[in-house]
Amino acid sequence: VGAGKLVEGLEIACFHLRRGEHAIIWATPLFAFGDMGCPPRIPPKARVVWEIEVIQLDRKPALIAAAHEKISAIERVDKAKAERQTGNERFKAGDWKKSIAAYNRALQWVNVVREGELAAADLERLTLNLNLAAAYLKKCEWAKAEQCCEKVLGCEPRNAKGLYRMACAVMGRGDREKAREWAGKACEADPTNAEARKLVRQFTKQTEETDLTSIFTGIFTKK
């Protein structure tokens with residue numbers, strides 16, 4: 001728990017369970033497998049129900065503190081920022097696994113702050129999900145990156161970084177048309193976003209090349 005290996009809804013719930021307890025956990029798509037689901041077993045936009053019995057729970061004391069420590073929302077944001085800085089350092093060093101672990105630890109500090117209670121906590125959650133999406137993209141974990149982007153765009157539908165990273169995640173799993181749409185939305189949200197503009201140009205170039213190939217193929221196959 002807390003290492004980013006569990007689905008978020010399940011991980012949040014497990015922070016509040018103790019050994020020997022039995023629980024039924026309901027999760028919306030946002031906290032389960034997102035809009036895409038997890039084929040072939042989990043359909044798109046599925047609400048998920050888990051029934052679990054806690055036999056053994058492996059979580060570090062620091063992570064338990066993050067979920068249960070009685071401190072103010074502002075102090076939670078400060079602790080999350082410190083963990084995020086650690087994640088950023090790991091990310092720059094190319095250690096994606098440890099950066100993901102740090103970002104997830106940071107989320108535990110602010111996830112218990114209700115949405116809308118403190119603007120700084122909302123912003124920190126958004127930033128952490130953007131960072132997690134970037135790290136999951138580096139690991140080619142497209143579904144997890146997409147879920148992080150969904151959380152960002154659920155709060156800020158025109159967040160250019162979220163739109164661009166969503167395009168990359170969707171392209172990674174092979175849906176080029178959807179990826180092109182997301183990249184276009186990123187350019188609309190921020191016309192100065194060089195990465196999104198580059199991606200759109202790549203799609204345009206590849207489409208033109210495909211059209212030319214079709215034309216030439218048609219010419220040479222005519223009788």
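**Exercise 1. Around helix α3**

Find the residue just after α3 that takes a positive phi, and describe the helix before it.

Solution. Start at the end of the helix: just after α3, G94 has a positive phi of about 85°. Helices here are DSSP runs of H or I with at least four residues, strands are runs of E with at least two, and both are numbered from the N terminus. The model is predicted: local features need pLDDT of at least 70, side-chain atom pairs count only at pLDDT 80 or more, and totals for chains, interfaces and linings use all residues. Residues are numbered from 1 along each chain as its sequence is written, and side-chain values use heavy atoms, with hydrogens and water left out.

Next, take the length. α3 covers residues 73-92, 20 residues in total. From first C-alpha to last it reaches 28 Å, close to the 28 Å expected at 1.5 Å a residue. The expected span is 1.5 Å times one less than the number of residues.

Then sort its residues by cover. Buried means under 20% relative accessible area, exposed over 50%, partly exposed in between (1.4 Å probe, protein chains only). A73, R76, V77, A80, E83, R84, G87 and N88 are buried in α3. Seen down the helix axis, these buried residues fall within an arc of 155°, so they line one face. The arc is that of the directions from the axis to the C-beta atoms. I74 and K92 are exposed on the other side of α3.

**Exercise 2. The whole chain**

State how many helices and strands the chain has, and in what pattern.

Solution. Count: 9 helices and 2 strands. Read along the sequence: α-β-β-α-α-α-α-α-α-α-α. Now add burial: of the 223 residues, 40% count as buried.

**Exercise 3. Positive phi outside glycine**

Locate K45 and C140, and say whether each is exposed or partly exposed.

Solution. Begin with the background. Most residues other than glycine have a negative phi.

K45 has a positive phi of about 55° although it is not a glycine. K45 sits in the loop between β1 (22-27) and β2 (48-53). With a relative accessible area of 57%, K45 is exposed.

C140 has a phi near 60°, also positive. The loop between α5 (119-138) and α6 (142-155) holds C140. Its relative accessibility is 47%, and C140 counts as partly exposed.

**Exercise 4. The nonpolar cores**

Identify the residues that touch the most other members of the largest nonpolar core.

Solution. Fix the term: a nonpolar core is a set of buried Ala, Val, Leu, Ile, Met, Phe, Trp, Tyr and Cys residues joined through side-chain atoms within 4.5 Å. The largest core has 35 residues, of which V110, L128, L132, Y136, Y164 and L199 touch the most other members. At least two residues of this core come from each of α3, α4 (96-110), α5, α6, α7 (160-172), α8 (176-189) and α9 (194-221).

Zoom in on L128. Contact means heavy atoms within 4.5 Å. Not counting residues up to four places away in sequence, L128 touches R84, Y103, A106, L107 and V110. A second, separate core has 13 residues, including A13, C14, W50 and I52.

**Exercise 5. R125**

Trace which backbone oxygen the side chain of R125 reaches.

Solution. Place the residue: R125 lies in helix α5. R125 is buried, with a relative accessible area of 13%. Its side chain reaches the backbone oxygen of V113 at 2.9 Å. Finally, list neighbours: R125 touches L107, V110, N111, V113, R114 and E115, again leaving out residues up to four places away in sequence.

Note on methods. Polar contact = N/O pair within 3.5 Å; in protein donor to acceptor, adjacent residues only side chain to side chain.
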